[in-house]
Amino acid sequence: MRIGKRVGRKVRSMFAAGLLVTTTAACGLSVNAALPYDVQPGSIPRVPALDGVEVTVGSKDFTEQIVLGYIAQLALEAAGADTVDLTNIAGSNSARYALEDGQIDVQWEYTGTAWLSYLGEDTPIPGEQEQYEAVREADLKRNGLMWLPYSDVNNTYAFATTEKFAREHGLRTMTDMTNFVKQNPREAVFCVETEFASRPDGMPGVTKTYGFPVRTTKTFGTGAIYTAVANGTCNFGEVFTTDGRIAGLNLRVLEDDKRFFPQYNAAVTVRKDFYDEHPQLADVMAPVADTLDNEEIMELNKRVDVDGADPSQVAYDWMRTKGFIR
């Protein structure tokens, strides 16, 4: 019986995907193959109102987003929905447009990205809750998009150093770093992205806020910074706080204790019209959002980016381990 249910749902998903290709091809979106897992309810129960409802799940084209997209699909499949996989959309703006345009129904998004990039606000709001509430209210009013409760995944900017260097010099916060480089200016060697080096909300702004000196600034592509910090090319590097290479390379993220960097908490977003038809989505995704945090997602990102695992398998293993599905 379980096998028959799986095959039937996969056939429907493939049929739906075939139809969807014709409507998304002009926009450059590609429907992915149905997930090859027999997803059964665990702590996420079957929801009769969602049984057979087609939900198209999208994501942007980087590891964390793809993993989160698969997590959403698995949760919705456990609840009884039939999902269509439109993860890995190239570019944030394209993914956002796909949601607004109805090409996708559900997508994880970041509060800071929406506030600064999509809503065009100039000044981030320091607190996570306050930033979330401002985005939720503005996006609903202006664009008809609903934000479900946010997770503790906060993929913002930070500076990192090696665990060894941090332990030797007692570094846990950016204020610690500031005091250290003031006393040891020759150690003030930073690796950052080219854009970060000149943006007001990047190096110029953060040095002004904390008041730390900079002896040398070296610019790299995003991925190269992690390796440069690990091998001692620089003592401090600009990183994203949930990147799996932090754990893989044994780096320590320094706490932004003055809250300079914007908040980028991940939350599920959905169009209001779709949510009004299927409000049960909120209850399905709530326990997942409650469980996710930086430590959890960093380990999932590491499994993909460092260990080479498949993102869908990483998502499936995590959902089973947490008991959401079986």
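**Group meeting: a walk through a predicted model**

Glu 295 lies in helix H14, and I shall begin there. The model before you is a predicted one. At 67% relative accessibility, Glu 295 counts as exposed, because the threshold for that class is over 50%. Between Glu 295 and Thr 241 there are 54 positions in sequence, while their C-alpha atoms are 9.5 Å apart in space.

Let me now turn to the protein as a whole. Its secondary structure consists of 15 helices and 10 strands. How does the radius of gyration agree with that of a compact globule? For 326 residues, a compact globule would have a value near 20 Å, and the protein has 21 Å, which agrees. The C-alpha trace spans about 70 × 40 × 35 Å along the principal axes of the protein.

As to burial, 53% of the 326 residues count as buried. The accessible surface comes to about 14,100 Å², and carbon and sulfur atoms hold 50% of that surface. Among the contacts with a separation of 6 or more, 77% are made by residues 24 or more positions apart. The protein carries 32 positive and 45 negative charges, and the mean positions of the two sets are 4 Å apart.

One annotation from a record should be mentioned. UniProt, in an unreviewed entry, lists residues 54–320 as "domain: ABC-type glycine betaine transport system substrate-binding". Over residues 54–320, the chain is 50% helix and 19% strand. The C-alpha atoms at the two ends of that stretch are 23 Å apart.

I come next to helix H15, which covers residues 311–321. Which residues of H15 are buried? They are Pro 311, Ser 312, Val 314, Ala 315, Tyr 316, Trp 318 and Met 319. The cover over these buried residues includes helix H2 (63–79), helix H13 (280–291) and helix H14 (294–305). Helix H14 is also the element in which Glu 295 lies. Just after H15, Gly 323 takes a positive phi of about 85°.

Positive phi values also occur in residues other than glycine, and I would draw your attention to two asparagines. As background, most residues other than glycine have a negative phi. Asn 88 has a phi near 70° and sits in strand S2, residues 82–89. With 44% relative accessibility, Asn 88 counts as partly exposed. Asn 250 has a phi near 60°. Where is Asn 250 found? Its place is the loop between helix H11 (244–248) and strand S9 (251–254). Asn 250 is likewise partly exposed, at 49% relative accessibility.

A buried residue deserves equal attention. Gln 131 lies in helix H5, which runs over residues 128–143. Why does Gln 131 count as buried? Its relative accessibility is 0%, and buried means under 20%, so Gln 131 falls in that class. Leaving aside neighbours within four places in sequence, the residues in contact with Gln 131 are Thr 111, Trp 115, Pro 124, Ile 125 and Gln 263. Asp 38, by contrast, stands 93 residues away from Gln 131 along the chain, and their C-alpha atoms are separated by 38 Å.

The last residue on my list is Thr 216, placed in strand S7, residues 216–219. Thr 216 is partly exposed, with a relative accessible area of 27%. Beyond its neighbours within four places in sequence, Thr 216 is in contact with Ala 188, Val 189 and Phe 190. Gly 202 is 14 residues from Thr 216 along the chain, and the C-alpha atoms of these two residues are 16 Å apart.

To close, I return to two of the residues discussed. Glu 295 counts as exposed, whereas Gln 131 counts as buried.

Notes
Residues are numbered from 1 along each chain as its sequence is written. This is a predicted model: local features need pLDDT of at least 70, side-chain atom pairs count only at pLDDT 80 or more; totals for chains, interfaces and linings use all residues. Side-chain values use heavy atoms; hydrogens and water are left out. Helices (H or I, at least four residues) and strands (E, at least two) are DSSP runs, numbered from the N terminus. The radius of gyration is taken over C-alpha atoms; the globule rule is 2.2 Å times the number of residues to the power 0.38. Buried means under 20% relative accessible area, exposed over 50%, partly exposed in between (1.4 Å probe, protein chains only). Contact means heavy atoms within 4.5 Å. Accessible areas come from the Shrake-Rupley method with a 1.4 Å probe; for residues, only the protein chains shown count as cover. Lys and Arg count as positive and Asp and Glu as negative; His and the chain ends are not counted. The place of a charge is taken as NZ of Lys, CZ of Arg, CG of Asp or CD of Glu. UniProt positions are given in the numbering used here, feature names are shortened, and annotations may be inferred rather than shown by experiment.
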